[in-house]
Amino acid sequence: MKKWKKFRNMIALLTAAVMLFLLPEGSCLRAEADGPVTYAVKYLADEGDWYYQENKSAFSDSEAARNIYYLGEILKAGDIVVVYNDTPEVTLNLGSTSLTNLTVSTTAFTIINTGDIQECHILNYSSCSVNGNITNAHVYDNALVNFGGNIQELRLHSGDEVTSSVGCSGTVGHLYAPSDTLPRTFYDLYDFQAGSLHINEDGNLLTPDWQYSRTPSSQPAQPTPQPEVQQPTQQPVAQQPAAPSTDNDDEYDAVPKTGETNPALWLVCIGLLCMSGSIVLRKSNR
């Protein structure tokens, strides 16, 4: 009888396995795509280092934060970083990872080294240097920024006049500075040579005419290669409590799925098949 029970169980399992592979796409399990993650990063003067919070667009001083060392291990291409700082002359190294969005909101001059950036926003009254190639850069009123890489599209957001100070060590494909309050465009210029773009705090363009074009060119200025950014070298620091975030400013669309996995459904099917096979065999044995 014991041998018959073992044989019966084996038959049931084999039957379940065959049915599983015969069902459409039964042997194919797929995973879902990972979406971009937003990280709020801030320099904590009391700790003497940078800290970050995951799934935050605003850094919260009343919530726990992790040392920047760990961000280098999980930051992936397409993620989003928002930088806060009020400590003068500090440097943030984000490595060479390409970002979907980098937003800077600082009250003290901050050097930021990063990989390629699709959308870069330098917010009002921020002061920084961003070293990475940028597809679209946006600079808002009263900001001070130097870009260390090449920019395809640079837009200055201004009111009645340009009040941001902007420089670029790389090339700029298009400088566009329309007024948000007047029917006027301050700058609409193309193909700045490497290191030539300089707008002072009064909004005056100091670049000589021969270093840019007033019309688009079919052959834009040759980009300047960027030096490799060194990865952060600090040692891991124990997790520290940090600051609370009031709200998340941005909402992002869900990433399209590459497929769906349903292991629970398959387990249920296997269980039902085993039970059915067991019942049939038990009746036939009687």
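1. Open sheet. Six strands make up an open sheet in this predicted model. Their order is E5-E7-E9-E11-E13-E16, and the pairing is mixed. The edges are formed by strand E5 (90-93) and E16, each of which pairs on one side only. Strands of a sheet pair through backbone hydrogen bonds, either parallel or antiparallel.

2. E7 against E9. Strand E7 covers residues 110-113 and strand E9 covers residues 127-131. The two pair in the parallel sense, over 4 bridges. For a position to inspect, take Asn 113: Asn 131 in E9 stands opposite.

3. E9 against E11. On to the next neighbour in the sheet order. E9 is joined to strand E11 (residues 144-147) by 4 bridges, and the two run parallel. Ser 127 has Leu 144 in E11 as its bridge partner. How many residues of E9 are buried? The count is 4 of the 5, so E9 is largely enclosed by the rest of the structure.

4. Cysteines. The disulfide count is 0. A disulfide is a covalent bond between the sulfur atoms of two cysteines. Cys 120 is in no disulfide, and the nearest cysteine sulfur, that of Cys 128, is 7.0 Å away. Cys 128 is in no disulfide either; its nearest cysteine sulfur is that of Cys 120, at 7.0 Å. The cut-off for a disulfide is 2.5 Å between the sulfur atoms, so the 7.0 Å separation of Cys 120 and Cys 128 does not qualify. Cys 120 counts as buried, at 0% relative accessibility. Cys 128 is also buried, with a relative accessibility of 0%.

5. Hairpin E14-E15. Strand E14 (residues 172-178) and E15 run antiparallel, joined by 6 bridges. They form a hairpin, with 6 residues between them. His 174 stands opposite Tyr 190 in E15. Strand E15 spans residues 185-192 and is mostly covered. Of its 8 residues, 6 are buried.

6. Aromatic pairs. The count comes to 4. One of them is Tyr 43 with Trp 50, an edge-to-face pair. Its centres are 5.4 Å apart, with 75° between the planes. Tyr 43 counts as buried at 15% relative accessibility. Trp 50 is buried too, with a relative accessible area of 3%.

7. A stacked pair. Which geometry makes the pair of Phe 192 and Tyr 212 stacked? The ring centres are 5.0 Å apart and the planes lie at 25°, so the pair is stacked. Phe 192 lies in strand E15, while Tyr 212 is in the loop between strand E16 (198-199) and strand E17 (240-241). The pair therefore ties together parts that are 20 residues apart in sequence. Phe 192 is buried, at 0% relative accessibility. Tyr 212 also counts as buried, at 12%.

8. Charge over a ring. Arg 66 lies over the face of Tyr 70. The distance from the ring centre is 4.1 Å.

9. Gly 159. This glycine is found in the loop between strand E12 (151-157) and strand E13 (165-168). Is Gly 159 buried or exposed? Gly 159 is buried, with a relative accessible area of 13%. Gly 159 and Ser 179 are 20 residues apart in sequence, yet 5.2 Å apart in space, C-alpha to C-alpha. Leaving aside neighbours within four places in sequence, Gly 159 is in contact with Asp 141, Ser 179, Asp 180, Thr 181 and Phe 186.

10. Whole chain. The secondary structure comes to 3 helices and 17 strands. The chain has 286 residues, and 41% of them count as buried. Among contacts with a separation of 6 or more, 38% are between residues 24 or more positions apart. The accessible surface comes to about 16300 Å². Carbon and sulfur atoms hold 53% of that surface.

Conventions:
Residues are numbered from 1 along each chain as its sequence is written. This is a predicted model: local features need pLDDT of at least 70, side-chain atom pairs count only at pLDDT 80 or more; totals for chains, interfaces and linings use all residues. Side-chain values use heavy atoms; hydrogens and water are left out. Buried means under 20% relative accessible area, exposed over 50%, partly exposed in between (1.4 Å probe, protein chains only). Contact means heavy atoms within 4.5 Å. Accessible areas come from the Shrake-Rupley method with a 1.4 Å probe; for residues, only the protein chains shown count as cover. Two strands pair if DSSP finds at least two bridges between them. Rings of Phe, Tyr and Trp (its six-membered ring) pair if their centres lie within 6.5 Å; planes under 30 degrees apart count as stacked, over 60 as edge-to-face and the rest as tilted. A charge sits over a ring if NZ of Lys or CZ of Arg is within 6 Å of the ring centre and within 35 degrees of the ring normal.
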